[in-house]
Amino acid sequence: MPKTSAIGDKFFVGPYDLSGDVGSVQTVGVTRALLDVTGIEQSAYHRILGRADGEMSFAAWHNPSTGQSHPVLDVMATTDIICSLADGSTAGAAAASIIGKQVNYDSIIGADASYVHNVTVKSNGYPVEWGVMQTNGTQSFIGTAQGGTVDGVAQSTSGGAAYLHLFSISGGTVTFSVQDSSDGSTGWANVTGLAFTAASGTTFERVATAAGATIKRYTRLNGTNPGGGTAVAFVNFVRY
Amino acid sequence: MAKSSALTTTITIDDSGGTGRDISADVTNFSINTSRGEQDITGLDKSAMERILLRSDTTISLSGVKDMGTNLAHDVFKTVGTQAGTVTRTAVIGFTSGGTVTAEMVPANYNITVGADGAATWSVDLHLANGTAAAWT
């Protein structure tokens, strides 16, 4: 795959697609504490990695419309939000997600009348996590439907996590879950721990398996909605 | 040998599974900082400074262009946040004009930046990990 730009990338905040308002992303950063464990016998430093941390900071153009940058970001919720940066709109491509606290909403009005809002989200409990999209960007699921098959190259035994952004649902109650399969064709089953809470309205959520859970090579997103409505969602699956 | 540039350079960094990956094509610029602590041991009887060298350290800072290809930059560094704390990465940087440095490192971060012009870049700082100084050959 060639080196690429970020043209065509997507940026989601909670149940909102702000891809059209976010003009730049200053950082999608994961950091690890460095622990100095050097013994007196060693002539150079000996280090191991400590606690992880994460941060996403971005700049959004002012957009006062419902569901767009200003009304979404000026709320400064005290509870956790989820932000995701997606590399394009094709299932299987990379995506980064953070669950954490929005710590600021800085509005900058330039002498040229430009109007931009700078936002930083700092992680809470989990660092920024890189995974792969299970949807083609914001994908519609009508009734009970599945996303495309994503090849994870090999089965893993370290568990995983998944992030859901549910942007809209026209009716019924939808339950999304990440499923796995050994061959990508048969034997699809929900991965224990990767089923999101049933939702009848917009929402966002992070779920995770138990530590050491086995996840088969192939994954896909399954949406079950007995009411038959259309749910538009994005899911990022992180394989540990 | 004449003075030379860094053209070309090979940069190989282990992924979190311990396999060395050539990410030379994704790195646009980098720095290798090899330092020694120094201790001032100047006695009152000296009119000039007296020093000895202490423990050595190495930092490698890499910057590059987004590349989501298999076993390239993103694949190598995407697990920085989740890898076990004791997992180290062998870094080998070789200059075509001569000279190779090898060191066992830990990645302290992995940052992605998206510019207003659509450019996507990354940066990583690697720090010496195993108590053995970086080796130049």
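**Exercise 1. How many helices and strands are there in chain A?** Determine also the overall dimensions of chain A.

*Solution.* The model is a predicted one.

Step 1. The secondary structure of chain A consists of one helix and 18 strands.

Step 2. The C-alpha atoms of chain A occupy a box of roughly 60 × 55 × 40 Å along the principal axes.

Step 3. A compact globule of 240 residues would have a radius of gyration near 18 Å; the value for chain A is 19 Å, and therefore the two agree.

**Exercise 2. Describe the burial, contacts and surface of chain A.**

*Solution.*

Step 1. Taking buried to mean under 20% relative accessible area, 50% of the 240 residues of chain A are buried.

Step 2. Among contacts in chain A with a separation of 6 or more, 73% join residues 24 or more positions apart.

Step 3. Chain A has an accessible surface of about 10,100 Å², and carbon and sulfur atoms contribute 51% of that area.

**Exercise 3. Establish the order of elements in chain B, and decide whether its radius of gyration fits the globule rule.**

*Solution.*

Step 1. Chain B contains one helix and nine strands.

Step 2. Along the sequence these elements follow the pattern β-β-β-β-α-β-β-β-β-β.

Step 3. For 137 residues the globule rule gives 14 Å, whereas the radius of gyration of chain B is 18 Å, well over that value; chain B is therefore more spread out than a compact globule.

Step 4. The C-alpha trace of chain B spans about 60 × 40 × 35 Å along its principal axes.

**Exercise 4. Describe the burial, contacts and surface of chain B.**

*Solution.*

Step 1. Of the 137 residues in chain B, 41% are buried.

Step 2. In chain B, residues 24 or more positions apart supply 57% of the contacts with a separation of 6 or more.

Step 3. The accessible surface of chain B is about 6,600 Å², with 53% of it belonging to carbon and sulfur atoms.

**Exercise 5. Which residues are the closest to the centre of the largest pocket, and which elements each supply at least two residues of its lining?**

*Solution.*

Step 1. The volume of the largest pocket is about 1,200 Å³.

Step 2. Its lining comprises 39 residues, of which Gly152(A), Val153(A), Arg239(A), Asp75(B) and Lys78(B) are the closest to the centre.

Step 3. From chain A, strands S9 (129-133), S12 (150-151) and S18 (230-239) each supply at least two lining residues, as does helix H1 (73-77) of chain B.

Step 4. By residue class, the lining of the largest pocket divides into 16 nonpolar, 15 polar and eight charged residues.

Key: Residues numbered from 1 in each chain as written. Chains lettered and ligands numbered in written order. Predicted model: local features only at pLDDT ≥ 70, side-chain atom pairs only at ≥ 80, totals over all residues. Heavy atoms only, no water. 1 Å grid on protein atoms, 1.4 Å probe; cavity = no way out; pocket = protein on both sides within 12 Å on 5 of 7 lines; lining within 4 Å. Points joined across faces, edges and corners; volume = space filled by probe spheres on them. Helix = DSSP H or I, 4+ residues; strand = E, 2+ residues; numbered from the N terminus. Nonpolar A, V, L, I, M, F, W, Y, C, P; charged D, E, K, R; others polar. Rg over C-alpha atoms; globule rule 2.2 N^0.38 Å. Buried < 20%, exposed > 50% of the residue type's maximum accessible area, 1.4 Å probe, protein only. Contact = heavy atoms within 4.5 Å. Areas by Shrake-Rupley, 256 points an atom, 1.4 Å probe, with all protein chains shown as cover.
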